[in-house]
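Visitor: I would like a close look at a single part of this protein, with its surroundings explained step by step. Could you take me through it once the structure is on screen?

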Amino acid sequence: ILLAFGNLHSFNIVLFILFLIIFIFTVIGNLVLIVLFSVNTKLQSPMYYLLCHLSFSDLLISSIIVPNMLDAILFGGEKMSYIACITQLYFFSGSSFTECFLLSVMSYDRYLAICNPLRYSSIMDFKLQICLSMWPWLLGLTLNLKGVLLISNFNFCHDNIIDHLFCDISPLQKLSCSDTSLVELEAFLFSMPLFIFPCGFIIVTYVYIFHTILKISSTTGKQKTFSTCSSHLIVVVTFYGTLIAKYMIPSVGHSSLINEIISLLHTLFTPLFNPVIYSLRNQDIKAALRNMIGQ
């Protein structure tokens, strides 16, 4: 039984309406970007191709979590089968891992475009685009499989109430009467490279990017070059900020409400934030939106 803000029942209607509106805008925003990248010839470049995968990942994360959460908020709890709970955990963690790798791949694309512009088109050919977009999905949906299988073998012999927004690792560990130390160790060992390596790669690429930008003589050139990667940098900061706050900072002393708010930022607001940032800061996307609306 999924509670989702079980201690805020007096605000359930307000929360339901607010989160439903955000979810609708999230779905519409990411679907619009996917359609734009698919049909608009001016947006069929490597950067927008990878951004299309990012929008699909955001759409998947939000769609996996929010519908069940809305039911739980409106009706004071949502009954889920054990298989549905484990399936939700698998696809949520897989999509989050995929987005980690996608963001690092997008930083590599920005590195090539800014630091090696003359060879960008020859290096970032269609074959490499396919490889760079498929590997994040393959890694994201396979690296979390063993941990989810271990959790699926837990024994649950006491309470069946999850006071959380969705079926996450920590709430399931609290419910289990099995020895969860192996899963905790594996989660720690896997989370470090999955979070730190992509994040470290992004930091290194942006060090080179900023170094290249600083060598540009004109102020206008610097601003124009930086604007091409600023949207991605903002998305990276928000995504990794919520992810690190949720999984890598000790939650000892945190109330369940604080943990739920952090989870909400990661699963509901970040998928909405991404298309908003790219739509507001990217002139090509704004022009494509105006053309689509005008038609």
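Is S104 buried or exposed, and what is its relative accessibility?

Guide: Happy to walk you through it, and please keep in mind that this is a predicted model. S104 has a relative accessibility of 9%, so the residue counts as buried, the limit being under 20%.

Let's start with where the residue sits. S104 belongs to helix α3. Leaving aside neighbours within four places in sequence, S104 is in contact with P198, F201 and I202. On the polar side, a polar atom of the S104 side chain lies 2.6 Å from the backbone oxygen of F101.

The backbone oxygen of S104 has a partner as well: the side chain of S107 reaches that oxygen at 2.6 Å. S107 is likewise found in helix α3. With a relative accessibility of 0%, S107 counts as buried because the limit is under 20%. Beyond four places in sequence, S107 touches F201, I202, T205, Y206, I209 and H232. F201 and I202 are thus on the contact list of S104 and also on that of S107.

Now for the nonpolar setting of the helix. The largest nonpolar core has 40 residues, and F37, L51, L103 and I285 are those with the most contacts inside it. The elements that give two or more residues to this core are α1 (12-39), α2 (46-75), α3 (82-115), α8 (181-214), α9 (219-247), α10 (256-281) and α11 (283-294). The biggest contribution, eight residues, is made by α3. To see how one core residue is placed, take L51: setting aside residues up to four places away in sequence, L51 touches F37, M106, Y278 and I285. Another core, of 21 residues, lies apart from this one, with I64, V66, L70 and L268 among its members.

Helix α3 also has a covalent tie. C85 in α3 pairs with C167, which is in the loop between α6 (145-152) and α7 (169-175), so the link joins distant parts of the chain, 82 residues apart. The sulfur atoms of C85 and C167 are 2.0 Å apart and form a disulfide. The torsion about their S-S bond is about -120°, which means that the disulfide is left-handed. Both C85 and C167 are buried, and the structure holds one disulfide.

What about C52 and C131? The closest cysteine sulfur to that of C52 is in C131, 17 Å away, so the two are too far apart for a bond. C52 counts as buried, because its relative accessibility is 17% and the limit is under 20%. C131 is in no disulfide; at 32% relative accessibility, C131 counts as partly exposed.

There is open space to consider too. The second largest pocket has a volume of about 360 Å³. Its lining is made of 20 residues, and M47, Y48, T228, N282 and D284 lie nearest the centre of the pocket. The elements that give two or more residues to that lining are α2, α3, α9, α10 and α11. The largest share, five residues, comes from α9. So helix α3, where S104 lies, is among the elements giving two or more residues to this lining.

One more stop is a histidine in helix α10, H266. With a relative accessible area of 1%, H266 is buried. Not counting residues up to four places away in sequence, H266 touches F92, S96, F239, T242, L243 and P271. One of these contacts is polar: the side chain of H266 meets the side chain of S96 at 3.4 Å. H266 and S62 are 204 residues apart in sequence, while their C-alpha atoms are 9.1 Å apart in space.

L243, one of the residues that H266 touches, is found in helix α9. L243 counts as buried, at 2% relative accessibility. L243 and Q173 are 70 residues apart along the chain, with their C-alpha atoms separated by 19 Å.

To return to your residue: S104 is a buried serine whose side chain has the backbone oxygen of F101 at 2.6 Å, and whose own backbone oxygen is reached by the side chain of S107.

Key: Residues are numbered from 1 along each chain as its sequence is written. This is a predicted model: local features need pLDDT of at least 70, side-chain atom pairs count only at pLDDT 80 or more; totals for chains, interfaces and linings use all residues. Side-chain values use heavy atoms; hydrogens and water are left out. A nonpolar core is a set of buried Ala, Val, Leu, Ile, Met, Phe, Trp, Tyr and Cys residues joined through side-chain atoms within 4.5 Å. Buried means under 20% relative accessible area, exposed over 50%, partly exposed in between (1.4 Å probe, protein chains only). Helices (H or I, at least four residues) and strands (E, at least two) are DSSP runs, numbered from the N terminus. Contact means heavy atoms within 4.5 Å. A disulfide is a pair of cysteine sulfur atoms within 2.5 Å. A polar contact is a pair of N or O atoms within 3.5 Å; within protein, one must be able to donate a hydrogen and the other to accept it, and residues adjacent in sequence count only if both atoms are side-chain atoms. On a 1 Å grid over the protein atoms alone, a cavity is a set of points where a 1.4 Å probe fits but cannot get out, and a pocket is an open set with protein on both sides within 12 Å along at least five of seven lines; lining residues have an atom within 4 Å of a point. Grid points are joined across faces, edges and corners, and a volume is the space filled by probe spheres set on the points.
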